[in-house]
Amino acid sequence: MDYSHYDCLLVVVVSQGKNGKSITFDTHDAEEVWTRFTPDSCSQLIGKPQLSFVQVCLGFKNLNGQHDKAILGTRQQVTGQKLLYSIPTSPSLAHTSKYEISFETETSTLTYNAKMDLTDAKATGQQIPTAVHPKKKGPSRKISNPVDRDSRVYNMQHRCRGKVYIFNHDLFDASLKLSPRDGSKTDVSNLERALSQLDFEVLCFHNCDITSVRRNIKQLAELDHTDNDCVMVIVLSHGTHGMIYALDSYYHSDELWLPFTSDKCPSLAGKPKLFFIQACQGNKKDAGLTVQSDSSQMDSIVPQEYSIPTMADFMIAYSTIPGYVSWRNTTNGSWFIEALCEILITSGRQEDLLSMMTMVLLKVATLGRDYSQIPCVVSQLIRRVYFPPKQ
């Protein structure tokens, strides 16, 4: 079909689903909905929005909200002066990181080194990943929420902005046979500068072993965040098949954010929980396409109590989409972190976070020449995130 005269494309799928597959007459991966419209497959849609909405289950867990099974009755019931409701949320977060490729620079000309910074996606020794399963919980507890139900922005007026934990891994145990991640220290310096300007308290952890990573994450989740606006965790490392490498082994990426769900960390309930992962998600390289521009230049019944889904208020940003490598300049740092820091510094006081992430995607997507990269943002934020100055 010729889409030359169309502004965009919108595809909506309403069906049953399970574990990333949507059910039609037969069962298909949900990603087949949008992978048919990539630039190499559908050139008339290059540079145009391609929008996909998929209404299916991704599993059988219930996050204190409704899920898409046949349910009798209505989602809203009026009892006295209170409107009781439950907010559904996806129980599945996108996963993880795989390889990473570095390249060298010579003055202003990019010269790709023949030595690529790739793992073989297979760790040695008896390092068997352990699946992470959230403990079963009873009914959701009543906790104090820092923002009104109908507010369109998060409350970022607490006494402190919040803590940032940066886990930088640029060296690894010899048994893992992973190459050093040259340029990662530049990413750390850029992040420290950008986030400090936005009033965050930044703590860096370099080349931690897996025990230290887990201990520090647990410690952060157990802190009292009552006086904080939000929390942020950033990981810079190699990864493979849903795992992220520490100094001596690897761990499942779920271990980063599961300790911060509202049932486990109530002082962060209703507050943004932000995660940034700089690592590859595969070994494919996106050659991209060269393009040229054509342009010339509710009603009054408002409850005081409401249910917060345990997985709400998360945003997880990956440096690349599943299946593809992530580029890192061995001098200037990774494309993704460099773009993120630049946007946070120039627009961090004016724009909301998701708008800034769109700017980051644009900058990274148009940065390459021989190869391209597009980050992936998984957002379960239910309000806009701003970073106003602290008094």
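Here is a short exchange about helix packing and strand pairing in a predicted model.

Biologist: What should I know about the model and the numbering?
Modeller: This is a predicted model, where local features need pLDDT of at least 70, side-chain atom pairs count only at pLDDT 80 or more, and totals for chains, interfaces and linings use all residues. Side-chain values use heavy atoms, without hydrogens and water, and residues are numbered along each chain as its sequence is written, from 1.

Biologist: At what angle do helix α2 and helix α5 pack?
Modeller: Helices here are DSSP runs of H or I with at least four residues, and strands are E runs of at least two, numbered from the N terminus. Axes are lines fitted to C-alpha atoms, for helices over the stretch in contact, and angles run from 0 to 180 degrees between N-to-C directions. The axes of α2 (residues 184-197) and α5 (residues 335-347) lie 9 Å apart, at an angle of about 20 degrees.

Biologist: Is strand β12 buried or exposed?
Modeller: Buried means under 20% relative accessible area, exposed over 50%, partly exposed in between (1.4 Å probe, protein chains only). Val231, Val233 and Val235 point one way, and Met232, Ile234 and Leu236 the other. Six of the six residues of β12 (residues 231-236) meet the cut-off, so the strand is largely enclosed by the rest of the structure: buried.

Biologist: Which residue of β16 is the bridge partner of Ile234?
Modeller: Two strands pair if DSSP finds at least two bridges between them. β12 and β16 (residues 273-278) have six bridges, in the parallel sense. The partner of Ile234 in β16 is Phe276.
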